[in-house]
Amino acid sequence: MMDVGNPEHPPPSRPWRLLLCDDSSLERAALSHYLRDQGYEVEEAADGEAGLSQLKNRQVDLIVLDLHMPGIDGFDVLAYLQEHRPGLPVILLSGMPADDIQPRIHRLPKHELPPLLIKPVEPIQILNLIEASLAGELPIR
């Protein structure tokens, strides 16, 4: 059977390159597979250190970033992005309670967060934010 795609979400007009940075290998693999099926190029990073390395060595159009990771976490990566890549769109994922996220915001160079989805997240929610962000419909932080 031929896959005709999702008429509500046509393939991107160009092969946008995404970086998916999440320490959950199962969630990362599932989301990467879904986004590739939607026509995106997806680079993967298993933690913040690998994510920073890829950001320094590769060009990406958007990053999907888990906040809670061991070692260099998503807040550390976000601080780097706010200082060194301020125009790069970011979508945050987290299973952390809001009470744990709020104090960390004030330690960032900019005291604000990009769009944040609380896990568990349906892939279509992430896809909708990716498309809106790449279309310039969301403010870049």
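Two strands count as paired if DSSP finds at least two bridges between them. Keep that in mind as you work through this predicted model.

**Exercise 1. Find which residue of S4 is the bridge partner of Ile-63, then work out how S3 and S4 run.**

Solution.
- Step 1: Look across from Ile-63 into S4, and you land on Val-90, its bridge partner.
- Step 2: Try other spots along these strands. Val-64 stands opposite Ile-91 in S4, and Leu-65 stands opposite Leu-92.
- Step 3: Put the strands together. S3 covers residues 62-66 and S4 covers residues 90-94; four bridges join them, and they run parallel.

**Exercise 2. Place S3 and S4 in the whole sheet: what is the order of the five strands?**

Solution.
- Step 1: The order is S2-S1-S3-S4-S5, in an open sheet with parallel pairing.
- Step 2: Now the edges. Strand S2 (41-45) and strand S5 (116-118) each pair on one side only.
- Step 3: Check the twist. On average, neighbouring strands here are turned by 20° against each other, direction ignored.
- Step 4: Look at the other neighbour of S3. Strand S1 (residues 17-21) pairs with S3 in the parallel sense, over four bridges. One of the links to spot is Cys-21, whose bridge partner in S3 is Leu-65.
- Step 5: Add a helix. Helix H3 (residues 74-84) packs on the sheet and touches S3 and S4, with its direction at about 150° to that of S3.

A side note on strands: they pair in a sheet through backbone hydrogen bonds, either parallel or antiparallel.

**Exercise 3. Decide whether the residues of S3 and S4 are buried or exposed.**

Solution.
- Step 1: You need a cut-off here: buried means under 20% relative accessible area.
- Step 2: Take S3 face by face. Leu-62, Val-64 and Asp-66 sit on one side, Ile-63 and Leu-65 on the other, and all are buried.
- Step 3: With five of its five residues buried, S3 is largely enclosed by the rest of the structure.
- Step 4: Repeat for S4. Val-90, Leu-92 and Ser-94 point one way, Ile-91 and Leu-93 point the other way, and all of these are buried.
- Step 5: So S4 is also largely enclosed by the rest of the structure, since five of its five residues are buried.

**Exercise 4. Describe how H2 and H3 cross: at roughly what angle do their axes meet?**

Solution.
- Step 1: The axes of H2 and H3 cross at roughly 20° and come within 9 Å.
- Step 2: Angles under 35 degrees count as roughly parallel, and therefore H2 and H3 are roughly parallel to each other. Their crossing is right-handed.
- Step 3: Find who meets whom. From H2 come Gly-48, Leu-52, Leu-55 and Lys-56, and they meet Val-77, Tyr-80 and Leu-81 in H3.
- Step 4: Sort the residues of this contact by class, and you get five nonpolar, one polar and one charged.

**Exercise 5. Do the same for H1 and H5: how do their axes cross?**

Solution.
- Step 1: The axes of helix H1 (residues 25-37) and H5 come within 11 Å and cross at roughly 55°.
- Step 2: That angle makes H1 oblique to H5. The crossing is right-handed.
- Step 3: List the contact. H1 brings Leu-31, Tyr-34 and Leu-35, while H5 brings Pro-123, Ile-124, Ile-126, Leu-127 and Ile-130.
- Step 4: Sorted by class, the contact of H1 with H5 has eight nonpolar residues, no polar ones and no charged ones.

**Exercise 6. Work out for two serines, Ser-32 and Ser-53, whether each is buried or partly exposed.**

Solution.
- Step 1: Locate Ser-32 in helix H1. Its relative accessible area is 0%, so Ser-32 is buried.
- Step 2: See what surrounds it. Leaving out residues up to four places away in sequence, Ser-32 touches Leu-20, Val-42 and Glu-44.
- Step 3: Locate Ser-53 in helix H2 (residues 48-57). At 37% relative accessibility, Ser-53 counts as partly exposed.

**Exercise 7. Look for a cis peptide bond: which residues does it join?**

Solution.
- Step 1: Recall the background: most peptide bonds are trans.
- Step 2: Go to Lys-119 and Pro-120. The bond joining them is cis, with omega about 0°.
- Step 3: Place the proline. Pro-120 lies in the loop between S5 and helix H5 (123-134).

Definitions and conventions
Residues numbered from 1 in each chain as written. Predicted model: local features only at pLDDT ≥ 70, side-chain atom pairs only at ≥ 80, totals over all residues. Heavy atoms only, no water. Helix = DSSP H or I, 4+ residues; strand = E, 2+ residues; numbered from the N terminus. Buried < 20%, exposed > 50% of the residue type's maximum accessible area, 1.4 Å probe, protein only. Axes fitted to C-alpha atoms, helices over the stretch in contact; angles between N-to-C directions. Contact = heavy atoms within 4.5 Å. Parallel < 35°, antiparallel > 145°, perpendicular 65-115°, else oblique. Left-handed = near helix turned anticlockwise from the far one by under 90°. Nonpolar A, V, L, I, M, F, W, Y, C, P; charged D, E, K, R; others polar.
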